[in-house]
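Here's a friendly walk through one protein chain and the molecule it holds. Keep the 3D view open and click along as you read.

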Amino acid sequence: MTSTSTDQERWRRVKERLHSELGDDVFTSWFGRMEFEQISNSAGPNKDQHIVTLTVPTRFLKNWVGNHYRDRVVRAWQVEDESILGIDLRVRSATIKLPPPVREEESGPNAKRFAAAVSGANEPPLCNPRMPLMRGHEALTGSPLDPRLTFENFVVGRNNTLAHAAATQVATADHNEKLMFNPLYVHARVGLGKTHLLQAIAWAGNTTERKTLYLTAERFMYGFISAMRTQTTLAFKEAVRGIELLIIDDLQFLQGRSTQAEFCHTLNSLIDAGWQAVIASDRPPSDHEDLDDRVRSRLSGGLVVEIGSPGEELRVEILESRLAAAKMMHPAFEVLRAVLLHVAKSLTHNVRDLDGAMNRLLGRNKLTGEPVTLEMAEREMRDLIRPVELKRVRIEEIQRIVARHYNVGRSDLLSSRRTANVVRPRQVAMYLSKILTLRSFPDIGRRFGGRDHTTVLHAVRKMENLVSIDSVFAEEIEALKRQLQD
Ligand code: ADP
Ligand code: MG
């Protein structure tokens, strides 16, 4: 079935309905560029039910509308016609630009680029990166960009929808548009796509013609800041003139009081001058105890988004895209669906591990000719499978729960009192801080009323020992751990 004038009429009414339900802003943002294509029979058993095909110009819109407004759109159609079962959202450019059977996601230029990069083929990136940005000013060159890490290759799932949406917004903002989120701060555990998103923004700077600088925090530390210190004001101004987008990865590696002070100063002046800043770290701003309050509040003052663990659906989708890329270089490489699903089920908390697993399967298969079976997959993945990763726990939370459990005040734990009724709870809280967070001994000491790291070390050793010899105590610790991780 194709579009008839009455269908177009109905579409007009559906849009009016959505418009009045959602208001001007939301409607224009997400539905302004949506077009009606056709109504067709549903593929299911009941042929009297219909599916409406709608198109939007970008994958981002498709994902966003699909995730947030699908039911609402379906309901708006059902008012017109009860036989409408669902909607099929498509990306318009994909249907126009490419010959019909090819899907952009699977075989577009980026898939090729990705495949080339996976296989190590030395194909130059398809677009000419603007990095390093400032030749002739050594200290201000950016870190290198990986041609695979683009928006096209980023798979959107529930865990990263918001981070992806914000990154896209920042990446596609117009020169003169008011900055919506500044700074944009993305945090997540390792291997969940922070660098991927940041580099995608940097690559996109290419198309929007915005002058972009991507740096790891370390590079920032050694280059950018020393340039600020040593260059004459004039040379410095010349070098940074016109930068509009500053992207800093791995903020957690920014070390040293004076460097941090400089960073704070830089960040403030950049943002005041209207630059967009994008920052990634393995922890939220509030957990950057090393940064001073002013920076922390500046970092929290834009948009802070976390990327969570990838859901199973996303893991399958990522594996599928990796497989498609691998097959472009190695057409004989086969991975049965059952194996793919098994890998997705086994490797639950990290996208990098999924890459690793796929590379091992490919490597083993290429080198030995052994077909990829479930058994082979198990073998290759063995050391990638880890016990369920711990939820991020905050030291304050540990102190609160432990204090409550032992019926003392949290301030007692931080105090210098040495009576037995607070010494034990304090040691337990220190021990839990060590095993449930990534904090260092000195860090933990500071958080317990400025104690020395040897005190923490001593507490941890002592508790470890107790846990191993006293099963009642071990159970108590387990119960506290469970409470903290729920
Ligand atoms: P992080 O910087 O958070 O440690 P990376 O961005 O380096 O993580 O991601 C690790 C690997 O996983 C990279 O190869 C990246 O391309 C891939 N990856 C992570 N998230 C996604 C995603 N949503 N879609 C596709 N690939 C992803
Ligand atoms: Mg990273």
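## Around the ligand

Let's start with ligand 1: 18 residues surround it, and those that come nearest are Val-155, Gly-191, Thr-195, His-196 and Arg-352. Bear in mind as you look that this is a predicted model. Try picking out the nitrogen atoms of the ligand. One nitrogen atom of ligand 1 is 2.8 Å from a polar backbone atom of Val-155. Side chains join in too: an N or O atom in the side chain of Arg-322 is 3.0 Å from a nitrogen atom of ligand 1, and for the side chain of Asn-160 the distance is 3.3 Å.

How much of the area that ligand 1 exposes when taken alone does the protein bury? Taken alone, the ligand exposes 560 Å², and the protein buries 92% of that. Helices α8, α13 (312-329) and α15 (351-368) are the elements that give two or more residues to the shell around it.

## A closer look at Asn-160

Asn-160, whose side chain we just met beside ligand 1, is found in the loop between α6 (109-119) and α7. Is Asn-160 buried or exposed? It counts as buried because its relative accessible area is 3%, and the cut-off for buried is under 20%.

Who keeps Asn-160 company? Leaving aside neighbours within four places in sequence, Asn-160 is in contact with Phe-154, Val-155, Ile-307 and Leu-314. Val-155 is a name you've seen already, as one of the residues that come nearest to ligand 1.

## The whole chain

Time to zoom out. The chain has 22 helices and eight strands. It runs to 486 residues, and buried ones make up 47% of them. The chain exposes about 24500 Å², with carbon and sulfur atoms supplying 52% of that.

Now think about which parts of the sequence meet. Take the contacts in the chain with a separation of 6 or more: 75% of them are between residues 24 or more positions apart.

## Strand β7 and its partners

Next, find strand β7, residues 276-281. This strand is mostly covered, and six of its six residues are buried. In a regular strand, side chains alternate between the two faces of the sheet. You can follow that here: Gln-276, Val-278 and Ala-280 point one way from β7, while Ala-277, Ile-279 and Ser-281 point the other way.

Which way does β4 run relative to β7, parallel or antiparallel? Strand β4 (residues 184-187) runs parallel to β7, and four bridges join the two. To spot the pairing on screen, look for Leu-184, which stands opposite Val-278 in β7. Strand β6 (residues 243-249) also pairs with β7 in the parallel sense, over four bridges. There, the bridge partner of Leu-246 is Ala-277.

## Nonpolar cores

Val-278 turns up again in the largest nonpolar core, which has 28 residues. Val-278 is one of the residues with the most contacts inside this core, along with Phe-151, Ile-201 and Ile-247. Elements giving two or more residues to the core are α7 (161-172), β4, α8 (194-207), β6 and β7. Which element gives the largest share? That's α8, with seven residues.

Phe-151 is a good one to click on. Not counting residues up to four places away in sequence, Phe-151 touches His-164, Ala-167, Thr-168, Ala-171, Leu-197, Ala-200, Ile-201 and Ala-204. Apart from this core lies another, of 26 residues, with Leu-432, Phe-448, Val-456 and Phe-473 among them.

## Hopping along the sequence

Finally, try a couple of jumps. Start at Ser-143, in the loop between α6 and α7. Ser-143 is buried, with a relative accessible area of 5%. Leaving aside neighbours within four places in sequence, Ser-143 is in contact with Tyr-214, Leu-215, Thr-216 and Arg-219. From Ser-143, hop to Ala-217: the two are 74 residues apart in sequence, but 9.9 Å apart in space, C-alpha to C-alpha.

Ala-217 lies in helix α9 (residues 217-230), and it is buried, with a relative accessible area of 0%. Beyond four places in sequence, Ala-217 touches Ile-248, Asp-249, Asp-250, Leu-251 and Leu-254. One more hop takes you from Ala-217 to Ile-279, 62 residues apart in sequence and 9.1 Å apart in space, C-alpha to C-alpha. That brings you back to β7, where Ile-279 points the other way from Val-278.

Key: Residues are numbered from 1 along each chain as its sequence is written. Chains are lettered from A and ligands numbered from 1 in the order in which they are written. This is a predicted model: local features need pLDDT of at least 70, side-chain atom pairs count only at pLDDT 80 or more; totals for chains, interfaces and linings use all residues. Side-chain values use heavy atoms; hydrogens and water are left out. Buried means under 20% relative accessible area, exposed over 50%, partly exposed in between (1.4 Å probe, protein chains only). Two strands pair if DSSP finds at least two bridges between them. A nonpolar core is a set of buried Ala, Val, Leu, Ile, Met, Phe, Trp, Tyr and Cys residues joined through side-chain atoms within 4.5 Å. Contact means heavy atoms within 4.5 Å. A residue is near a molecule or strand if one of its heavy atoms lies within 4 Å of it. A polar contact is a pair of N or O atoms within 3.5 Å; within protein, one must be able to donate a hydrogen and the other to accept it, and residues adjacent in sequence count only if both atoms are side-chain atoms. Accessible areas come from the Shrake-Rupley method with a 1.4 Å probe; for residues, only the protein chains shown count as cover.
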